[in-house]
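Got the model open in your viewer? Keep a selection box handy and let's walk through it stop by stop.

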Amino acid sequence: MDITFEVKRFDELSTVELYKILRLRAEVFVVEQDCVYQDIDNKDQKALHVIGYKNNEVVAYTRLFDAGLYFEDPSIGRVVVSQKERKYGYGHDLIKESIKAVKIHYNTQKIKISAQTYLKKFYETHGFKQIGEEYLEDGIPHITMIK
């Protein structure tokens, strides 16, 4: 079974979809990465949500912001793939879908991200380049990258 993607505004998400998205984000960012931070940050309402479904479950996700809402350029954030699904390369599919959605919805290919440092090579394969120095965000090393 392959993964399928949908892009939705916050007000288009069902309560079940929102619950599955928040659960996936908590499973990876809070539990797996042992990082205590405020995930529910009142920014989801302004974002576009790229949701990867497999067997009716949310297994991959990003949220997108238009220029000026998060960074000066459009951005991709909360990039997450369920731990048990990573071996299938869905992270690459997710980033491709997210880049495509930025182009369609925000009419640009310029994107800025705050990437976990260990994923630098992953993002480089999708055309992102590091700018500036490494920094800590919620106790995890990050770098700024642009495409």
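## The whole chain

Of the chain's 147 residues, 41% count as buried. Bear in mind as you click around that this is a predicted model.

Start with everything shown as a cartoon. You should find three helices and seven strands, and if you trace them from the N terminus, the order is β-α-β-β-β-α-β-α-β-β. Now look at the overall dimensions: along the principal axes, the C-alpha atoms fill a box of roughly 40 × 35 × 30 Å. How does the radius of gyration compare with that of a compact globule? For 147 residues such a globule would have a value near 15 Å, and the chain has 14 Å, so the two agree.

Switch on the surface for a moment. The accessible area of the chain is about 8,300 Å², and carbon and sulfur atoms own 51% of it. If you like contact maps, here is one number to go with yours: among contacts with a separation of 6 or more, 59% are between residues 24 or more positions apart.

## Stop one: the aromatic rings

Hide the surface and show the side chains of Phe and Tyr. There are five aromatic pairs to find in this model. One of them is Tyr70 with Phe71: the ring centres are 5.1 Å apart and the planes stand at 85°, over the 60 degrees needed, so this pair is edge-to-face. Add Phe65 to the selection, and you have one aromatic cluster made of Phe65, Tyr70 and Phe71. Are Tyr70 and Phe71 buried or exposed? Neither, quite: Tyr70 is partly exposed at 35% relative accessible area, and Phe71 is also partly exposed, at 21%.

Next, select Phe122 and Tyr123. Their ring centres lie 5.0 Å apart with the planes at 80°, so here too the arrangement is edge-to-face. Phe122 and Tyr123 are both buried.

While you're in ring mode, pick Lys54 and Tyr88. The charged end of Lys54 sits over the Tyr88 ring, 4.0 Å from the ring's centre.

## Stop two: Lys112

Select Lys112, which you'll find in strand β5, residues 112–116. Is this lysine buried or exposed? Lys112 has a relative accessible area of 12%, under the 20% cut-off, so it counts as buried.

Now show what surrounds Lys112. Its side chain makes a polar contact of 3.2 Å with the side chain of Glu72. Beyond its neighbours within four places in sequence, Lys112 is in contact with one run of residues made up of Phe71, Glu72, Asp73, Pro74, Ser75 and Ile76, plus Thr144, Met145 and Ile146. You've already met Phe71, as a member of the aromatic cluster.

## Stop three: His142

Move on to strand β7, residues 140–146, and select His142. At a relative accessible area of 7%, His142 is buried. Which backbone atom lies 2.7 Å from a polar atom of the His142 side chain? Turn the view to Ile140: the atom is its backbone oxygen.

Then light up the contacts of His142, again skipping neighbours within four places in sequence. You'll see Ser114, Ala115, Gln116 and Thr117, together with Glu133, Glu134, Tyr135 and Glu137.

## Stop four: two backbone oddities

Most residues other than glycine have a negative phi, and most peptide bonds are trans. With that in mind, open a Ramachandran plot if your viewer offers one, and pick out two residues.

The first pick is Arg78, with a positive phi near 50°. Arg78 lies in strand β4, residues 75–81, and it is buried, with a relative accessible area of 16%.

The second pick is Asp138, where phi is about 55° and again positive, although this residue is not a glycine. Where does Asp138 sit? Look in the loop between β6 (129–137) and β7. At 44% relative accessibility, Asp138 counts as partly exposed.

## Last stop: Glu124

Finish in helix α3, residues 120–124, by selecting Glu124. Its relative accessibility is 33%, which makes Glu124 partly exposed. Now draw a distance line from the C-alpha of Glu124 to that of Val80: these residues are 44 apart in sequence, and the line should read 17 Å.

Methods:
Residues are numbered from 1 along each chain as its sequence is written. This is a predicted model: local features need pLDDT of at least 70, side-chain atom pairs count only at pLDDT 80 or more; totals for chains, interfaces and linings use all residues. Side-chain values use heavy atoms; hydrogens and water are left out. Rings of Phe, Tyr and Trp (its six-membered ring) pair if their centres lie within 6.5 Å; planes under 30 degrees apart count as stacked, over 60 as edge-to-face and the rest as tilted. Buried means under 20% relative accessible area, exposed over 50%, partly exposed in between (1.4 Å probe, protein chains only). A charge sits over a ring if NZ of Lys or CZ of Arg is within 6 Å of the ring centre and within 35 degrees of the ring normal. Helices (H or I, at least four residues) and strands (E, at least two) are DSSP runs, numbered from the N terminus. A polar contact is a pair of N or O atoms within 3.5 Å; within protein, one must be able to donate a hydrogen and the other to accept it, and residues adjacent in sequence count only if both atoms are side-chain atoms. Contact means heavy atoms within 4.5 Å. The radius of gyration is taken over C-alpha atoms; the globule rule is 2.2 Å times the number of residues to the power 0.38. Accessible areas come from the Shrake-Rupley method with a 1.4 Å probe; for residues, only the protein chains shown count as cover.
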